[in-house]
Structures are given as C-alpha cells and as structure tokens.
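Colleague: I should like to go through this structure step by step. Please show it, and then let us begin with the surface that faces the DNA.

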Number of protein chains: 2
Amino acid sequence: MSPAHNSTRHDRDAVARAALALLDEVGLADLSMRRIAGRLDVQPSALYWHFASKQALLAELADRITAGIPHGDASVLVTARGIRDALFACRDGAELVLSTYALRLGSSSAQNAVHDALVADGADAPEQRAAAIMHFILGHATLVQQRMHADSYGAVLPGDESPTADDVTAGLDRVFDLGVTALTGTVRSSSVPLRDRA
Amino acid sequence: MSPAHNSTRHDRDAVARAALALLDEVGLADLSMRRIAGRLDVQPSALYWHFASKQALLAELADRITAGIPHGDASVLVTARGIRDALFACRDGAELVLSTYALRLGSSSAQNAVHDALVADGADAPEQRAAAIMHFILGHATLVQQRMHADSYGAVLPGDESPTADDVTAGLDRVFDLGVTALTGTVRSSSVPLRDRA
DNA sequence: ACCTGAACACCGTTCAAGT
DNA sequence: ACCTGAACACCGTTCAAGT
C-alpha cells in the first residue's frame, strides 16, 4: 500500500542524510525524530540505534554543514563569506550551527580557517580576532536567515515605504563586509605583505 | 492540600513575570506553557487568554529583557556592554532575544542606542555599523551564555591543559571589547571630537 | 547489526462551558 | 474578565523483543 517505501536497512549516514533533506523542507522547528523516522519508513525508536539522542543527530548535521567550508589561502573576507554561504546553503543552517557551536568555541575548523587567514594577513591578536569574527558571522547569519524565513510567508508590516527584498539583501551584504573588514583590522595589499617587517 | 497556591486571578503582567522567573530557574529549553501554568496554579489553557501563543509570550519576555538597556550619551563600548549585560542578566537571555530579534532588525531600541552612540563618536556609516555591532553582540552573548551553561554541569573535556573558568571569561571579555572597538571604526578622544572636520 | 511495538512522561493549542 | 476540563495532534526517549 505504501507507494514509495524503503525496505532496506539504514546506517548512520543514511539517517543523517534523510534528516538534512527534511531540514531543508520543514525547517529546524519542525524537524522531529518521528518525522525523520517516517521519512525512512522506520519506527522512531530505530533512530536511537544510530544516534544517542536528537542532540547528537543535530550535532552531526551541524558538522556536515560546516564540513563544506573551504580552508585555503584565501583572504579573511573571502574565508568569512565562504563560512556564511555554507550556513546559508541549508535551511536554518546558521541557527543549527550556532546552537551546536558553544562547546567547540576555540577548536572549530571554521575558526581555524579564519585564524590562518588573519595570520597570513599579518593581523595582530589573531586568536581573539578569529573568535570575534566567528561570533559576528554566526550572529549575522542567524538573524539574516531568520528574517528571510519570516519575510517569505509573513505579512508586510504597515510601514511608510517598505524597501524591496533585494534592497534589504544588498544592505545586509554591506553590513557583513563592513563587519568582517573592520574586525580584520588591517587593510593590507596582498602583493606587498612583508616588506617592512622587523 | 496544595501547600502554596494562589487563588487570585492573574493579568498579563503576572503571567510574564512568572514566566521570567521560571526561565531563570529551568532555562529556555524547559520553559513550557504547562510549567508556567503550574507555577501560577492555573490550567495551561488559561495562559491563552493573556497571550495568543507561546511565541507571543516569548516576545514579551524578550522585550522585558531588553527594556533595561540604558540609552544615554555613553560611548559605543559602554553602550554595547550595557546591552550584553542586559542579555546576561537573565538565563538564556541572549538566545531568547536573538530568536525574537529578526523582525525588528532595523527598529530595535538597542540598535538605536548603538546608532546614536556611533553618531556622537562621529563614526561613518552609522546604520551599518550599528547593525553589525548588534549582530556581533547577539552572536557573542549567545555563544558565551551557552558555553557558561554547558560548563556548569558538563564533563571536562580530556584536553591537555584546561584553562580555568576565569581565564576563559577574561579571554571572552577581551574578544568582546576588541570586537566592539574594531566595529566602531574610529578611535577618537571624546574631548577633541570635531576639531579638523570640513 | 538493525529494527519493531509498546509504553512513559511530556508538549502547544483549541474550545465549549463555567464564574 | 478570567478560568476549567477535556480533547486533539503531537513530542523525545527507553527497552524488551524480534530478525
């Protein structure tokens, strides 16, 4: 009777992939263990063989979202944009990573990427700047993503003249670039990095 | 039989105050309508006479948390610290305000306070800087508050040498000050503000 | 190795009805 | 004006038992 059911068994990766797909469809607030199980044609209790708890599953999803962050020799701004875009690539990605990030405060690979880019730029206090930039990216991306979601099916507020969605997006992009640039601290041309040092 | 029950009826303010007190005791994750009702010796459905939904109640709590923010002629850094401390004053205050803040992105009184302090400092692009500073404060405070909560009853990670809680707090304070100062953009002595302008 | 079935202790919300 | 009582449609999690 069930039109498209899986009779195969699942592993940890299949559960995480189903959860990630469902997250994109329904959002974090409606992502329940029972819905994920339903999508896999499995009882909710089956998920607890693969993950110790919902929190553990969400942590795995956060890891997958941040796994795509490029960690090369790009500038701080480009690195920061890469992190932001990885969060934006998944519905509620920023909120999910933010809520999972606290324990890894100093040790995340995203923060390391920012840190290395800062060092390459010759910025002072790269540890604190990397932390500050990560806090800014996560706060910014969470707020922007929430707003995007609210705007998509929210009523237009009765303000005098409401800017278009593109205006808002462009303004927020400028806020992001200004924030990252200011937090980087140095505005240094990349072609003459070490000429007059020591 | 019930040892300490209220037979009086309640208004909107009493519901909000009970919810805020309970938030401090149990945290945002365990703040349910049923628990709030229990604390008021009332059926859960009674709350819906005062608030249209749980989300509306949470928005009211966020408003009360941010209502205590001083809006005077302080510097940007002092204003930012005041906002952060208002969030820290209530358990999970930062997360609650962050999750409620998206719709008010440009129009919150906290952001206005930052904006006015920036203008008084003579900073350029005060609108975008105010937005960036708010995003930073909310991201930073949410992460720090989550970490505080996790540390309070979490196991110590098996790292080589773990810094003391005071070390962590001091480091995070430096990150906050560095972040706000960098985002302010101008380091200008307040006694000679306008000497060589236009 | 992976899943079922049943249960436990919860949720937010609605709505007729009471006072 | 404010609340009860009952119901509806959900939750996360555990655990014995199945294959």
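Colleague: Which element gives the largest share of the surface near DNA strand D?

Modeller: The model is a predicted one. The elements that give two or more residues to the surface near DNA strand D are H2 (33-39) of chain A and H3 (47-50) of chain B. The largest share, 3 residues, comes from H2(A).

Colleague: To which part of DNA strand D does the side chain of Arg34(A) come within 2.5 Å?

Modeller: Arg34(A) is among the closest of the 18 residues that surround DNA strand D. Tyr48(A) places a polar side-chain atom 2.7 Å from a phosphate oxygen, and an N or O atom in the side chain of Ser45(B) is 2.6 Å from a base oxygen. For Arg34(A), the partner at 2.5 Å is a base nitrogen.

Colleague: How many residues of the surface near DNA strand D are charged?

Modeller: The residues of this surface are divided into three classes. Of these, 5 are nonpolar and 7 are polar. The charged residues number 6.

Colleague: Is the crossing of H4(A) with H6(A) left-handed or right-handed?

Modeller: The axes of H4 (residues 54-67) and H6 (residues 93-101) of chain A come within 9 Å and cross at roughly 115°. Where they meet, residues including Leu58(A) and Ala62(A) of H4(A) contact residues of H6(A), among them Leu96(A) and Val97(A). The residues of this contact comprise 7 nonpolar, 4 polar and no charged. The crossing is left-handed.

Technical notes: Residues numbered from 1 in each chain as written. Chains lettered and ligands numbered in written order. Predicted model: local features only at pLDDT ≥ 70, side-chain atom pairs only at ≥ 80, totals over all residues. Heavy atoms only, no water. Near = heavy atom within 4 Å. Polar contact = N/O pair within 3.5 Å; in protein donor to acceptor, adjacent residues only side chain to side chain. Helix = DSSP H or I, 4+ residues; strand = E, 2+ residues; numbered from the N terminus. Nonpolar A, V, L, I, M, F, W, Y, C, P; charged D, E, K, R; others polar. Axes fitted to C-alpha atoms, helices over the stretch in contact; angles between N-to-C directions. Left-handed = near helix turned anticlockwise from the far one by under 90°. Contact = heavy atoms within 4.5 Å.
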